[in-house]
Amino acid sequence: MNGSPAVELARVSKAFGGVKAVDGVSFEIRRGEFFSILGPSGCGKTTTLRLLAGFEEPDPDGGEIRLLGEVVNTRRPYQRKIGMVFQNYALFPHLSVERNVGFGLEQRNLPRPEIAARARRALELVRLTPDTFARRMPSQLSGGQRQRVALARALVLDPAILLLDEPLGAVDLKVRKEMQLELKALNRQLETTFVYVTHDQEEALTMSDRIAVMDNGRIAQLGTPAEIYENPRTAFVARFIGESNFFGGRATRGADGRLELALADGERVRLPDGRTVREGREARIAVRPEWMDLCRPGEAPPGENALPGEVREVIYLGETMHVMVTLRDASQVTVALRNEGQLSKPLPWQRGDPVLVAWLPEDCQILEDS
Amino acid sequence: MPLARQRLLAWLRRRPEARAWSLVGPGVLFLVVFFLLPLLIMAAYSVMSRGEYGGVERGLTLESYRRFFVPIYLTILGRTFGVSLVCTAICLVLGYPVAYAIARSGRWKNPLLFLVVLPFWTSFLVRTFAMIFLLRDTGLVNTWLLRLGVIREPLTMLYTPFSVMVGLVYGYLPFMILPIYASLEKLDGSLLEAAEVLGARPAARFRQVTLPLSLPGVVAGSLLVFIPALGSFLTTDLLGGAKEMMIGNLVQNQFAAARNWPFGSAASFILMVLVLAAVLVYLRIRDRRPMAAA
């Protein structure tokens with residue numbers, strides 16, 4: 001019992017009027033894990049979270065949801081040991097901060113002094129000074145403060161699992177960055193399992209132990225941030241998380257017997273060894289812009305893939321420079337270069353320069369849905 | 001003409017207070033002429049003495065006010081407040097669940113709201129007469145009850161306090177339902193979900209979240225029922241058979257039958273002052289719960 005995962009979904013489905021919002025989703029979340037469900041709007045991530053909360057029930061033959069080892073399919077939210085933080089905060093406007101935080105404890109009929117003491121501790125936990133904030137009304141708080149109160153209100157009950165539905169979607173960038181780190185720290189400190197729904201890939205990468213990327217009601221990929229970013233399995237994942245350059249062609253054997261991708265315009269791209277691409281089949285690969293480099297024609301490093309093209313645009317982004325290159329077949333490739341200081345050490349590339357886009361064969365990500 | 005118009009607009013643009021008045025002005029003017037002025041005339045009448053054939057004679061006197069404070073009129077006043085309070089309470093008890101159901105009825109919302117306001121399509125007078133046909137000894141209700149064998153003798157319902165109350169509740173129920181519906185309708189569903197996930201069972205959730213947040217609607221609805229009920233005279237007249245007088249009937253009689261305009265005016269003013277006092281007390285009680293109306 002104690003060894004069971006915090007959350008288990010076994011082929012869970014949920015349809016609304018014939019439309020499958022969640023379609024046979026299975027995954028496990030370990031205790032204490034920071035688990036993110038990431039995807040564009042309408043991908044089913046919020047429905048998945050609402051299934052965990054108990055606001056929705058799976059379809060009659062829609063699989064099984066287990067929380068801490070117990071099947072909870074039809075259990076009401078108040079019968080589950082969960083906390084939830086909503087995107088719009090959902091603070092009770094008619095109750096003070098203190099009474100908002102104490103709401104869950106009041107439902108459990110705890111003595112007043114204990115409620116007050118625990119509410120204070122919860123407020124301190126989310127870095128709100130109780131003396132300053134306890135008596136305020138939600139309308140007197142900023143967005144970030146409201147979400148802290150909402151967090152305290154959920155955490156005061158010591159839930160085994162905390163569900164967060166895009167909690168930082170409505171707060172401004174600076175506060176968001178700050179709270180991302182705090183949430184991660186709280187997750188470690190409290191050993192509570194966090195299930196975090198977001199459409200912001202950077203947010204998911206920053207905080208998560210593991211990420212489930214959802215698309216069309218299914219899990220497109222599940223893995224650590226590094227696995228998701230560095231080894232996306234599908235074009236959807238590669239496109240949704242970070243930027244990617246895509247190449248498609250036919251897999252062939254080169255003269256040296258190694259696997260290559262023959263592009264439409266006759267260029268060849270060497271693929272990494274040991275990947276399961278069948279010879280003669282169509283294949284698609286993705287390459288991250290920052291894994292590519294530029295060099296002058298004829299100066300490609302030996303062993304690297306190199307495609308000729310012409311610099312179309314140089315974009316200054318501060319931390320990096322994006323160089324857009326038009327290849328011979330008129331497709332666009334983005335190469336990200338580290339900005340080493342444009343004033344002291346300007347880029348040697350200008351619009352119209354002929355260049356080679358070069359990258360190592362092992363940096364090719366072979367996509368499944370090719 | 002275009003020039004004059006441009007000049008007027010330019011002038012309005014320069015003077016924001018003139019612009020504000022051009023918006024508020026017509027309404028204010030209307031109220032001054034058709035509400036404030038008559039009210040002042042009534043106030044003046046109430047401190048004059050009655051004319052022989054209606055109307056008033058010159059000269060100030062507080063006679064009409066003094067005359068009001070005798071047991072018979074005070075009984076009418078008490079009955080008026082009592083009946084109105086009971087009517088408001090019944091409307092609240094009947095109306096809240098209806099408003100709640102409509103607010104949660106999804107796509108049925110608009111058809112149901114339509115049904116609530118449907119009675120307004122006919123005049124109140126016609127509807128009150130219809131009530132007579134329902135409630136009299138040979139009316140629809142008695143016929144059905146007799147046919148079903150629930151009763152052997154027809155029940156006397158018409159011209160009793162019961163029929164008056166039925167008529168009042170029927171007439172004012174929509175004014176309770178609509179404001180409560182409005183406040184329940186804009187209640188954020190995620191608040192209810194938050195309460196549920198915090199462990200609140202349905203009853204606790206209603207008591208601690210839904211009800212307090214719908215209080216503004218309850219307050220508005222109660223005032224919209226209570227105040228007109230205080231002044232009602234048609235229902236009591238037609239359904240009560242003029243047996244159980246309310247202050248509205250008294251005022252009407254004084255102006256129409258007894259031709260004692262000063263006394264009718266004084267009775268009106270006494271009612272108005274009491275209504276004002278009652279509403280202020282009510283609002284004070286509400287405001288003591290902090291932010292209930294927020």
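# A strand-by-strand tour of chain A

Start by selecting A:L9 and A:I65: A:I65, in β4(A), is the bridge partner of A:L9. You are looking at a predicted model, in which local features need pLDDT of at least 70 and side-chain atom pairs count only at pLDDT 80 or more, while totals for chains, interfaces and linings use all residues. For your selections, residues are numbered from 1 along each chain as its sequence is written, and chains are lettered from A and ligands numbered from 1 in the order in which they are written.

**First stop: the four-stranded sheet**

Extend the selection from those two residues to their strands. β1(A) and β4(A) are antiparallel, with four bridges between them; strands count as paired if DSSP finds at least two bridges between them. Strands here are DSSP runs of E with at least two residues, helices are runs of H or I with at least four, and both are numbered from the N terminus.

Now show the whole sheet. This open sheet has four strands in the order β2-β1-β4-β5 of chain A, with antiparallel pairing. At its edges are β2 (19-29) and β5 (70-71) of chain A, each pairing on one side only.

Next, select β4, residues 64-67 of chain A, together with β5(A): two bridges join these antiparallel strands. In one of the pairs, A:R66 has A:V71 of β5(A) as its bridge partner. Add helix α1 (residues 45-53) of chain A, which packs on the sheet and touches β1 (7-16), β2 and β4 of chain A. The direction of this helix makes about 65° with that of β2(A). Contact means C-beta atoms, placed from the backbone, within 7 Å, and angles run from 0 to 180 degrees between the N-to-C directions of lines fitted to C-alpha atoms, for helices over the stretch in contact.

Which residues make up the covered face of β4(A)? Colour A:I65 and A:L67 for the covered face, then A:E64 and A:R66 for the uncovered one. Before leaving, look at the hairpin of β4(A) and β5(A): two residues lie between the strands, and A:L68 has a positive phi near 50°.

**Second stop: a glycine in a loop**

Select A:G169, in the loop between β7 (161-165) and α6 (173-190) of chain A. Is A:G169 buried or exposed? A:G169 counts as partly exposed because there are 15 C-beta neighbours inside 10 Å; buried takes 20 or more other C-beta atoms within 10 Å, exposed 12 or fewer, and partly exposed lies in between, with C-beta atoms placed from the backbone. Add A:H199, 30 residues apart from A:G169 along the chain: their C-alpha atoms are separated by 8.9 Å.

**Third stop: across to domain 2**

Zoom out and colour chain A by domain, with 7-234 as domain 1 and 243-367 as domain 2; the bounds come from an automatic or database domain assignment. Taken over C-alpha atoms, the centres of the two domains of chain A are 40 Å apart.

Here, find the open sheet of five strands, ordered β15-β19-β16-β17-β18 in chain A and paired antiparallel. Its edge strands are β15 (293-295) and β18 (332-338) of chain A, which each pair on one side only. From one strand to the next, the twist averages 45°.

Walk through the pairs. β16 (residues 305-316) and β19 (residues 354-359) of chain A run antiparallel and are joined by six bridges; A:L307 has A:V357 of β19(A) as its bridge partner. β16(A) is also joined to β17(A), antiparallel, by seven bridges. Centre on A:H322 in β17(A), which stands opposite A:I315 and also opposite A:A336 in β18(A). β17 (residues 320-327) of chain A pairs with β18(A) in the antiparallel sense over seven bridges. In the hairpin of β16(A) and β17(A), with three residues between the strands, A:G318 has a positive phi near 95°.

**Last stop: chain B**

Bring chain B into view. How many residues does each chain give to the contact? Chain A gives 19 and chain B gives 18. On the chain A side, β6 (82-85) and α2 (97-107) are the elements giving two or more residues, and α2(A) has the largest share, with three.

Finally, colour by pLDDT, the predictor's confidence in each residue from 0 to 100. Chain B has a mean pLDDT of 88, with 97% of its residues at 70 or more. Over residues 290-294 of chain B, pLDDT stays under 50. Where pLDDT is low, the predicted coordinates should not be read in detail. The model scores ipTM 0.84 and pTM 0.82.

Conventions: Contact = placed C-beta atoms within 7 Å.
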